[in-house]
Amino acid sequence: MDLVAGVIANGVLMGAVYALIAFGLTIIFGVMRVVNFAHGEMVVIGMYAGYFLWAAFDTHPLAAVLPAAALLFLIGYLLQFHLVQHFLARPAHVQFILFIALALVITGAHLVAFGPNPRGIFSLASFEVYRIGGLRLDAVRSQAAAAALLIVALLWAFLRASRLGRAIRAAADNRTGAAVVGIRIRHVYAVTAGIGMACAGAAGALVAPLFDTHPFLAPEFTLIAFITVILGGIGSLPGALLGGLLIGVAEAAAALVLSPSMKSVLSYGLLILVMLARPQGIIGSPEGQR
Amino acid sequence: MIRITRRAALAGAAAALAAPATIRAQSAPVKVGVILPTSGVLAVPGQASRRGIDLGARMIAEAGGPRMEVIHADTASRPENGRVAAERLIREGCTVLVGAWDSGTTISAAQAAEPARIPLVVNIASAPQITEQGFSMVFRNFTPANVLIRNAVERIREFGQITGELPRTAVLLHVNDTFGTSIAQAVSALWTQLGIPIQIVETLSYAVTARDLSAEVARAKAANPELLMPVTRVNDAILIVREMVRQDFVPKAIIGPGSPGPYEKAFTDAVGRFGDEYMVCVPWHNPRNPRTAEVLQRFAREYPNERFELNVGFSFEAMEIVADAIRRAGSGDPAALHAALRTTDIQDHIMYGGPIRFDEKGQNNNIGGVMLQNQNQEPKVVGPAEVAEARAIYPLTPFRNRR
């Protein structure tokens, strides 16, 4: 019983982290309708930020979240304002090539700058566990999941309640209408890209103590983000959360009931099932499909 | 009067250039093509191998060995690029190839070397079919999976004699790529055949891309084995140890038969003393050979932040094999090199085992295997007795006593 509870609980925790990774992707798509194929690379930048902060100052892994998010916000803002902006009106395949090129450049730059060796955060904190009855919850993973949920909640509140958040939603709903009422679309888009990539950066800093950082992790994260948002519904924030949790739990259940090497069979199977039965995703609206 | 046309002059010049070809070949460096995964997911062992190649080339040159020009080709860790890289190197004039670290890439490179009649010296790759499917150009100085496991089983048996007891039950936890699966198959085939009195109570496999091994380790722990046998790459070995610490899973021993990972610097850096006492059975350098000590010192000077492990060692040795063949062939001609490689007989070399000789399939059958145990975050040879440099610690110290 402890085995089942422990494995499922870990699945939930991983799911929350997946959700944060996916969040950045879904918000960028939801607003600007561009698919960021370099999303995983952004997560890896966040991981390196987390690693180097730890290596230089021996900080708690959570302390790296804000600096990593700020760095990625800046990168996202500048990229959108000066580069991606010029591709918004281009056909989708041109945008794809742009982002794939970006991904290759970032991975190459990581390889040149930091080499291929995995860099792990080694602190005693990364071996701590919380004991609840017979259940042993990994402390780092629990903190990462809690931080991810907090960030998701804050972001949701920001988009609902703040002026800028409402402007972002307006730009997403009707670009021309938003421009007519005086919203500076280019700036709003750049902020959105910044927020999306800041999510990736924060997620990177949070997972740096969980996975060793190396340049070739990126495609993994991009893939996870894609599965998560497609499952939950493209462009839907609650959808990303639900998708992340579903994948985390599905993988854990598969490892338990089937063979561990069948893990992804269940999550991909779930994906195919959802795409057949509800192509817009579990929570997604049909407009998300456009 | 003899009229010299431009065509005739060119032909004459070409003939003059071609005539002393054999003489020039001896003075011009022999081009050695090296195929390795120096980027992509296998970049860590790929670059370690490259250090071995480069160090080997430098030390051979300094010792007055035959002149060689090493040309590197990266496969980006994609097996299909083995062929592409081999063809490119052959076009650039390489008359002998070295590579390619992983089995799939090596087979693909051999498919290009075979029709071009260019010998391929395999530094590392363990799939049995590399020397079993009839390639005539392949020379492998590494153990195939079945020999790797036979050596490992031998070491585990000796280990029981040293410690006075063997664990009674085991869980085999392996990565499910070509390498992990062939090792797992060899383990299950040889285990009973060689009479190892350890009962394998569960076999678990996981995907090579696994990001989280908590469920795998939880299942292994639930089987309550006295011995855990992980067959891993380096990243998953790190994940397994971290999970074992978190879940407080302490078997009597951890022994990875034929498994890479724990001896790599990335592993000991990542898990520190929690990775101590983890054992693996692998081919390794002979720490008691004075030549090994000399090479290790030189390596430590040139690469102070890296570790000399088997990727470096076997790549180094591949260069020595090539240099030896060039010296005996007296030229860089591929056919002469092939004939020289066939009669290779190197007695004194750094990796543990007998003389380097290749059988008719191109396999060196004299490669030994050692048992390594991490002690104070360094891999130490604990068996066999003739090369041991430390005593094995058994049973495993509980993780909670290591904080």
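How many of the nine residues of α8(B) are buried? Seven of them are, so α8(B) is largely enclosed by the rest of the structure. The legends below begin with that helix and then move to other views.

This is a predicted model, in which local features need pLDDT of at least 70 and side-chain atom pairs count only at pLDDT 80 or more, while totals for chains, interfaces and linings use all residues. Residues are numbered from 1 along each chain as its sequence is written, and chains are lettered from A and ligands numbered from 1 in the order in which they are written.

**Figure 1. Helix α8 of chain B and its buried residues.** Ser214(B), Ala215(B), Glu216(B), Val217(B), Ala218(B), Ala220(B) and Lys221(B) are the buried residues here. (Buried means 20 or more other C-beta atoms within 10 Å of a residue's own, exposed means 12 or fewer, and partly exposed lies in between, with C-beta atoms placed from the backbone.) Their packing partners come from both chains: α1 and α10 (237-257) of chain A, and β6 (169-175), β7, β8 (227-231) and α9 of chain B. Helices (H or I, at least four residues) and strands (E, at least two) are DSSP runs, numbered from the N terminus. Look just past the helix for Asn224(B), which follows α8(B) and has a positive phi, near 50 degrees.

**Figure 2. Where chain B touches chain A.** Chain B contributes 31 residues to the contact and chain A contributes 29. (Two residues are in contact if their C-beta atoms, placed from the backbone, lie within 7 Å.) On the chain B side, at least two residues each come from α3 (43-62), β7 (199-206), α8 (214-222), α9 (234-246) and α10 (265-271). That side of chain B holds 14 nonpolar, 10 polar and seven charged residues. For these classes, Ala, Val, Leu, Ile, Met, Phe, Trp, Tyr, Cys and Pro count as nonpolar, Asp, Glu, Lys and Arg as charged, and the others, Gly among them, as polar.

**Figure 3. Chain B, with Glu294(B) picked out on helix α11.** Chain B has 13 helices and 12 strands, and its C-alpha atoms fill a box of roughly 100 × 40 × 40 Å along the principal axes. Its radius of gyration is 23 Å, which agrees with the value near 22 Å for a compact globule of 403 residues. (The radius is taken over C-alpha atoms, and the globule rule is 2.2 Å times the number of residues to the power 0.38.) Of the 403 residues, 55% count as buried. Among contacts with a separation of 6 or more, 70% join residues 24 or more positions apart. Glu294(B) sits in α11 (residues 290-302) and counts as exposed, with 12 C-beta neighbours inside 10 Å. From Glu294(B) to Pro197(B), 97 residues apart along the chain, the C-alpha separation is 40 Å.

**Figure 4. Helices α1 and α5 of chain A cross obliquely.** The axes of α1 (residues 2-32) and α5 (residues 139-161) of chain A come within 8 Å and cross at roughly 40 degrees. α1(A) and α5(A) are therefore oblique to each other. Axes are lines fitted to C-alpha atoms, for helices over the stretch in contact, and angles run from 0 to 180 degrees between N-to-C directions. Angles under 35 degrees count as roughly parallel, over 145 as roughly antiparallel, 65 to 115 as roughly perpendicular and the rest as oblique. The crossing is left-handed; that is, the near helix is turned anticlockwise from the far one by less than a right angle, whereas clockwise would be right-handed. Residues making the contact include Leu13(A), Val17(A) and Phe23(A) of α1(A) and Ala145(A), Leu149(A) and Val152(A) of α5(A). By class, the contact has 13 nonpolar, two polar and one charged residue.

**Figure 5. Helices α6 and α8 of chain A, with Ala170(A) on α6.** α6 (residues 163-173) and α8 (residues 185-207) of chain A have axes that come within 10 Å and cross at roughly 105 degrees. They are therefore roughly perpendicular to each other. Leu164(A), Ala167(A), Ile168(A) and Ala171(A) of α6(A) meet Ile185(A), Val188(A), Tyr189(A), Val191(A) and Thr192(A) of α8(A). This contact counts eight nonpolar, one polar and no charged residues. Ala170(A) is partly exposed, with 18 other C-beta atoms within 10 Å. Leaving aside neighbours within four places in sequence, Ala170(A) is in contact with Ala178(A) and Ile183(A). Ala170(A) and Ile183(A) lie 8.6 Å apart, C-alpha to C-alpha.
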